[in-house]
Amino acid sequence: MARFIDAPPAAAAASSRIGVLLVNLGTPDAPTAAAVKPYLRQFLSDRRVVEIPALLWQPILRGIVLMVRPAKSARKYAAIWGKEGSPLRVWTEKQAKLVKGFLGERHGNQVLVAYAMRYGQPSIPAAMARLREQGCDRLLLVPLYPQYSASSTATACDTVFAELSRYRDQPAVRTIRDFHDHPGYIDALANRIRQHWMVEGRGEHLVMSFHGVPRFTVDKGDPYQRQCQETARLLAAALGLTEDRYTLAFQSRFGRTEWLKPYTSETLAKLGKQGVKAVDVVCPGFVADCLETLEEIALEGKQTFLQAGGGTLRYIPALNDDNRWVHALTSIVEQALQGWLTPSERPAAPDTRVVPPQP
């Protein structure tokens, strides 16, 4: 067997296209224990996710965790699974198609877009192979995590670089590190919340819930917490919120080690005990709805809040296929492609026309 993957046919290589690869976390193929088990095995075997030596962790993972957790997780996935399948995969695929459409309008077929999951399908190697076969000799990696973390952004990069180590003819590569303070991203979030308030009414308090990471990772230099705080500050400013009207919190704890605080579950319980009648929850770290938003917040979080004495918890959906967000994501991609686009392919000047508000 050859050590390296051979170069694509000369005809494909001559087309010299740019490949844009959107990467999200991942999802099992079905809401069943049998499908969840290999997904969890891959996810929890990632050294970026669980920083315990493999000799110590693997016996625990295979002997305990993978014997119990798949069935429990499968029930959670079943609660949010849609007709089209996993929400995370559905929304990520739609985002890729929309970005492809916007880029196609401006740059023709010279920029191709694909999406992949770090864990599960479609895999990063498979998506890279498709772009390569279509003649992409330049690759832009876009991890769909607004805030950088080693356990999310870095592991996506690791996988891409590991796959490139097998290529005989490697493409030029660029990566997007984060976009936690990008004006378009903040504007899309703020507009999403305002739209929700217009329809559902404005709650007494807004909880901004971000995915959590172990405390020690931040102590060792991970910028994730600082970037979450900056996102929250910018979003609050865009919404005109004073510090007493919102709370930044962290969700999705795993294991016994200390994670970033305050915990979302404890924050919701506290607000419930204070007799807050209506709380709104938004998850700025997730650009697509998934298990962590639809089940952990919209279902479990709501139950926690109500049982503590709260009134109504309203989950504000993720950006998903929101028009402002897709335009912002396209802008983020185009900014990263500067110097790769030929003069005829460069982004057009921004439209400065004033569009009257819709009635």
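**Exercise 1. The residue after helix α9**

Find the phi angle that G240 takes just after α9 in this predicted model, and describe the helix before it.

Solution. Step 1: G240 directly follows α9 and has a positive phi of about 70 degrees.
Step 2: check the length of the helix. Helix α9 covers residues 224-239, which is 16 residues, and at 1.5 Å a residue these should span 22 Å. The C-alpha atoms at its ends are 23 Å apart, which agrees.
Step 3: list the buried positions. In α9 these are Y224, Q225, Q227, C228, T231, A232, L235, A236 and L239.
Step 4: identify their partners. The buried residues of α9 pack against two helices, α7 (183-200) and α8 (215-219), and against two strands, β5 (205-211) and β6 (246-251).

**Exercise 2. Strand β1 and its partners**

Determine which strands are joined to β1, how many bridges there are and how the strands run.

Solution. Step 1: strand β1 (residues 17-27) is joined to β2 by 9 bridges, and the two run parallel.
Step 2: β1 is joined to strand β3 (residues 136-143) by 7 bridges, again in parallel.
Step 3: place individual residues. On the β2 side, L21 stands opposite A114, and N24 stands opposite M117. On the β3 side, L22 stands opposite V142.
Step 4: assess burial. In β1, 11 of the 11 residues are buried, so the strand is mostly covered. In β2 (residues 111-120), 10 of the 10 residues are buried, so this strand is largely enclosed by the rest of the structure.

**Exercise 3. An aromatic pair that reaches β2**

Classify the ring pair F43 and Y119, and state where its two residues lie.

Solution. Step 1: the whole structure contains 7 aromatic pairs.
Step 2: for F43 and Y119, the ring centres are 5.0 Å apart and the planes meet at 65 degrees. Planes over 60 degrees apart count as edge-to-face, so this pair is edge-to-face.
Step 3: F43 belongs to helix α2 (residues 33-44) and Y119 to strand β2; with their positions 76 residues apart, the pair links distant parts of the chain.
Step 4: Y119 has a relative accessible area of 0% and is buried.
Step 5: Y39 joins F43 and Y119 in one aromatic cluster.

**Exercise 4. Charges over tryptophan rings**

Which charged residues lie over W91 and W197, and at what distances from the ring centres?

Solution. Step 1: over the ring of W91 sits the charged end of K94, 4.8 Å from the centre.
Step 2: over the face of W197 lies R202, at 4.1 Å from the ring centre.

**Exercise 5. The surroundings of M128**

Is M128 buried or exposed, and which residues does M128 touch?

Solution. Step 1: M128 is found in helix α5 (residues 124-133).
Step 2: its relative accessible area is 4%. The cut-off for buried is under 20%, so M128 is buried.
Step 3: leaving out residues up to four places away in sequence, M128 touches L21, L139, V160, E163, L164 and Y167.
Step 4: compare M128 with A114. The two are 14 residues apart in sequence, and their C-alpha atoms are 8.3 Å apart. A114 is the residue that L21 stands opposite in β2, and L21 is itself among the contacts of M128.

**Exercise 6. Confidence along the chain**

State the average pLDDT of the protein chain and locate a stretch below 50.

Solution. Step 1: the average pLDDT is 93, and 93% of the residues score at least 70.
Step 2: residues 349-359 have a pLDDT below 50. Beyond near neighbours in sequence, this stretch makes 0 contacts in the model.

Note on methods
Residues are numbered from 1 along each chain as its sequence is written. This is a predicted model: local features need pLDDT of at least 70, side-chain atom pairs count only at pLDDT 80 or more; totals for chains, interfaces and linings use all residues. Side-chain values use heavy atoms; hydrogens and water are left out. Buried means under 20% relative accessible area, exposed over 50%, partly exposed in between (1.4 Å probe, protein chains only). Helices (H or I, at least four residues) and strands (E, at least two) are DSSP runs, numbered from the N terminus. Two strands pair if DSSP finds at least two bridges between them. pLDDT is the predictor's confidence in each residue, from 0 to 100. Contact means heavy atoms within 4.5 Å. The expected span of a helix is 1.5 Å times one less than its number of residues. Rings of Phe, Tyr and Trp (its six-membered ring) pair if their centres lie within 6.5 Å; planes under 30 degrees apart count as stacked, over 60 as edge-to-face and the rest as tilted. A charge sits over a ring if NZ of Lys or CZ of Arg is within 6 Å of the ring centre and within 35 degrees of the ring normal.
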